[in-house]
Amino acid sequence: MLGPQGLETRTLALSGGRIAETGDARPIHVDGLWVMPGIVDLHGDGFERSLAPRRGLVTDLSHGLASVELELAAAGITTAWLAQFWSWEGGMRGPDFARRLATALHALKPDLRLDLRLQLRLERAMLDDYRAVADLVRGQGIDYVVFNDHLPHERLASGQSPLRLAGGALKAGRSPEAHLALMQALAARRNQVPPALGRLVQDLGPIAFGSHDDADAEARALWGDLGLRIAEFPTSRSAAEAAKARGDPVILGAPNVVRGGSHARGGMVAQDMLDDRLVDALASDYHYPSLLAATFGLVDRGMAVAAAWALISDGPARIMGLSDRGGLWPGARADVILVDPIRRRVVGTFAAGRPVFAAGAFAEALIAA
């Protein structure tokens with residue numbers, strides 16, 4: 001199992017949803033498997049494929065969320081923030097869908113074993129929606145808000161038509177003309193964003209706030225000063241360095257580590273930032289299994305197992321102030337996963353001491369016990 005200094009051989013007891021000194025349940029032998037703290041995922045939107053695999057196929061979201069829970073458990077994720085947009089882009093990124101998802105997740109929580117939460121990704125230019133966002137955050141107990149800006153500012157400023165305008169308009173349920181007019185109106189309010197955003201942060205109080213895709217050190221300073229302390233997926237080294245200098249946590253995507261670079265042209269290479277110790281946590285971004293794959297990749301490159309695992313468990317837990325998870329110490333929440341280090345896959349997942357997923361050698365051990 002994983003201890004403070006690395007992998008060690010000893011017994012782990014679970015009792016009352018916590019890790020204990022001793023346990024009263026039957027022993028299960030898991031020789032050859034790694035016993036690890038559950039993964040904490042701060043930002044993942046892979047759930048979208050389960051909720052709406054085809055346009056318009058979005059009815060009872062509880063069925064899709066139940067499937068998402070199993071997908072997360074199979075990836076070893078025991079605490080997850082589902083990254084949901086509140087955006088002018090419409091469709092599954094629109095305000096109506098955000099409300100539906102928040103309501104469905106809140107209602108389903110008593111039936112879930114994993115700790116699933118919502119990260120609201122607010123397009124910061126939507127100033128007229130700030131009051132509605134505040135109502136949703138308070139009403140549904142949302143504890144993490146990240147601010148995006150997906151407006152194509154350069155093309156709008158130059159008078160060029162945004163790329164894929166017709167497709168975006170179709171998804172949003174607008175005509176291309178109306179979609180363009182909305183983007184132009186939002187872009188025109190750019191200078192009004194910082195003061196309004198600062199007021200919203202103050203109004204919402206002590207929850208976690210982040211800024212997505214900071215372009216440079218100036219952007220990190222601006223948003224950090226307004227209370228957006230978490231630097232989520234900064235797009236330049238200068239932004240990441242500025243965050244670290246300020247003591248702001250930096251989150252990068254695990255798929256970037258697995259791929260060896262961002263899928264966006266000219267994007268930052270996460271591995272370079274990791275080598276320079278500019279990263280506090282990795283997130284699944286759009287692919288849940290990448291968290292485990294990225295961790296093994298880091299170990300292959302020479303990083304200690306404990307240090308690599310901290311990027312997906314202890315590190316994100318600390319960022320969110322969750323002092324009860326991220327490690328396997330007595331009294332910690334019993335979020336535990338079993339990993340086959342040869343096949344590099346999760347074969348067992350416990351959340352708060354309760355089994356959620358079992359496969360392979362662990363499933364066989366359960367049957368034999």
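This is a short talk about the salt bridges in one protein model.

Okay, hi everyone. Before we start, keep in mind that what you're looking at is a predicted model. So how many salt bridges turn up when you search the whole structure? The search gives 24. I'll walk you through a few of them.

Let's begin with Arg117 and Asp143. Their side chains form a salt bridge, with 2.7 Å from N to O. Now find them on the chain: Arg117 is in strand β8, residues 115–123, while Asp143 is in the loop between α4 (130–140) and β9 (144–148), so this salt bridge ties together parts that are 26 residues apart in sequence. Are these two buried or exposed? Both Arg117 and Asp143 are buried.

Next up, Asp225 and Arg246. These two also make a salt bridge, and their closest N and O atoms are 3.0 Å apart. Here we have two helices: Asp225 belongs to α9, residues 217–225, and Arg246 to α10, residues 237–246. That pair links distant parts of the chain, 21 residues apart. What about accessibility? Asp225 counts as exposed because its relative accessibility is 59%, and the cut-off for exposed is over 50%. Arg246 has 34%, so Arg246 counts as partly exposed.

One more pair: Asp335 and Arg333. Their side chains meet in a salt bridge at 2.7 Å, N to O, and both Asp335 and Arg333 are buried.

Last thing, and it takes us back to Arg117 and Asp143. Those two belong to a network, along with Arg18, Asp115, Asp324 and Arg325, joined by salt bridges that share partners. Try picking out those six residues in the structure above. Thanks, that's me done!

Key:
Residues numbered from 1 in each chain as written. Predicted model: local features only at pLDDT ≥ 70, side-chain atom pairs only at ≥ 80, totals over all residues. Heavy atoms only, no water. Salt bridge = Lys/Arg side-chain N within 4 Å of Asp/Glu carboxyl O. Helix = DSSP H or I, 4+ residues; strand = E, 2+ residues; numbered from the N terminus. Buried < 20%, exposed > 50% of the residue type's maximum accessible area, 1.4 Å probe, protein only.
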